[in-house]
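Please work through the exercises below with the structure at hand. Each task is followed by a solution in steps.

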Amino acid sequence: MADRPRALLAMSPEFLPQLFPEPLMKRLLAVLDLDPELVAEDFADAAAQPVLAEAEVLVSSWGAPRLTDEVITKAPRLRAVLHAAGSVKSVVGDAAWDRPVAVSSSSGANALPVAEYTLAAILMAGKNLFALREDFRRERSFRLGYIYPEVGNFGRTVGIVGASKIGRRVLELLRPFDFEVLLADPYLEPAEAAALGAELVDLDSLAARSDVVSVHAPDLPETAGLISAERLAAMKNGTVVINTARGRLVDTDALIAEAAAGRLSAVVDVTHPEPLPRDSPLFDLPNVFLTPHVAGSHGNELSRMGLFMVEEAERLSRGEPLAHLVDPATLWKQA
């Protein structure tokens, strides 16, 4: 690839300063020949078309137009897509995979805050902080020295559903703690799970044995309702369900019923539908901790996603392999 290859930004312009604040933009401009004022939301725009025809690198993010077959034919020199966001499924069409186009993604950067949110939820759930907060707020007092018998994280069983990038990062973060960790993933072998610090089990066993079930599987037609009414019913009384993946993976009505009965608790960052209807019981159940799809990258965490792609652009300039390449063979298995 030539020095400072021609490049084009493709995303919703609102994200550009958050992904690439001034220090990162300076580094990007040092290795790519791009116009930071030209941000393509539509490749058919008159200003974008001549740059697309010359571009060797596309720097994309949320809101990027899709690289369809037609667009690819208009970008004959394109060699790399640096996607400063998570999944590339909505951006990269089949034609791009049929050409020698290297596609890199910041999904690894986005996995970090989701895993951190999950770890915090697991630890807080183990201490029963969500329920105790409600009790303390209501009673405005407590008995000093009282030992809560069902509280604690020592020896608790945590079940991880899916060895995705996020799931693997959660497993890594769990290592210092005294948990028994179960993992359900149909694509893994027991030795692989053991190397990740977990016991490989089937999903039904995970549901029945875990004190906390955290969902990190990909959003696919076959994973819709993965945490079904039957699997929720099979969970032990007091089990906490954490969902930071996608709302469709958990049977919402069944989760509401189990939580309303007081049998299960939940930490829910993603829902189906999203957002929920304003009258959804999930808003009012005291044993459900509901957040507005905030586990992924927000605020200053977006610049970490930009950093990942700036570093990829620098690797390109040095002729080095990209560190965050997307494998199309496993793209639809990822979360």
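The exercises that follow concern a predicted model.

**Exercise 1. Overall description**

Task: State how many helices and strands the protein has, and what share of its residues is buried.

Solution. Step 1: The protein contains 13 helices and twelve strands. Step 2: It has 335 residues, of which 50% count as buried. Step 3: The C-alpha trace spans about 70 × 45 × 35 Å along the principal axes.

**Exercise 2. The two sides of helix α2**

Task: Determine which residues of helix α2 are buried and where they lie around the helix axis.

Solution. Step 1: Helix α2 covers residues 22-31, and Leu-24, Met-25, Leu-28 and Val-31 are buried in it. Step 2: Viewed down the axis of α2, the buried residues fall within an arc of 130 degrees, so they line one face of the helix. Step 3: On the face turned away from this buried side are the exposed residues Glu-22, Pro-23, Lys-26 and Ala-30. Step 4: Ala-30 has a relative accessibility of 52%; because exposed means over 50%, Ala-30 is placed in that class.

**Exercise 3. Surface patches**

Task: Identify which residues form the patch of negative charge and which form the nonpolar patch.

Solution. Step 1: The patch of negative charge on the surface brings together Glu-14, Glu-41, Asp-42 and Asp-45. Step 2: Glu-14 belongs to the loop between β1 (7-10) and α1 (16-19), and is exposed at a relative accessible area of 57%. Step 3: The nonpolar surface patch, about 570 Å², is made by Phe-136, Phe-142, Leu-144, Tyr-146 and Tyr-148. Step 4: Phe-142 lies in the loop between α7 (129-139) and β6 (157-161), and is partly exposed with a relative accessible area of 48%.

**Exercise 4. Salt bridges**

Task: Find what the salt bridge between Arg-231 and Asp-204 ties together, and which parts of the chain the pair Lys-236 and Asp-211 links.

Solution. Step 1: Side chains of opposite charge can pair when their charged atoms come close. Step 2: The whole structure holds 17 salt bridges. Step 3: In one of them, Arg-231 and Asp-204 meet at 2.7 Å, N to O. Arg-231 lies in helix α11 (residues 229-234) and Asp-204 in helix α10 (residues 203-209), so this pair ties together parts 27 residues apart in sequence. Step 4: Lys-236 forms a salt bridge with Asp-211, with the closest N and O atoms 2.9 Å apart. This pair links distant parts of the chain, 25 residues apart: Lys-236 is in the loop between α11 and β10 (240-243), and Asp-211 in the loop between α10 and β9 (212-215).

Key. Residues numbered from 1 in each chain as written. Predicted model: local features only at pLDDT ≥ 70, side-chain atom pairs only at ≥ 80, totals over all residues. Heavy atoms only, no water. Patch = residues over 30% accessible without salt bridge, like charges linked within 9 Å, V, L, I, M, F, W, Y side chains within 5 Å. Areas by Shrake-Rupley, 256 points an atom, 1.4 Å probe, with all protein chains shown as cover. Salt bridge = Lys/Arg side-chain N within 4 Å of Asp/Glu carboxyl O. Lys, Arg positive; Asp, Glu negative; His and termini not counted. Charge placed at Lys NZ, Arg CZ, Asp CG, Glu CD. Helix = DSSP H or I, 4+ residues; strand = E, 2+ residues; numbered from the N terminus. Buried < 20%, exposed > 50% of the residue type's maximum accessible area, 1.4 Å probe, protein only. Arc of directions from axis to C-beta.
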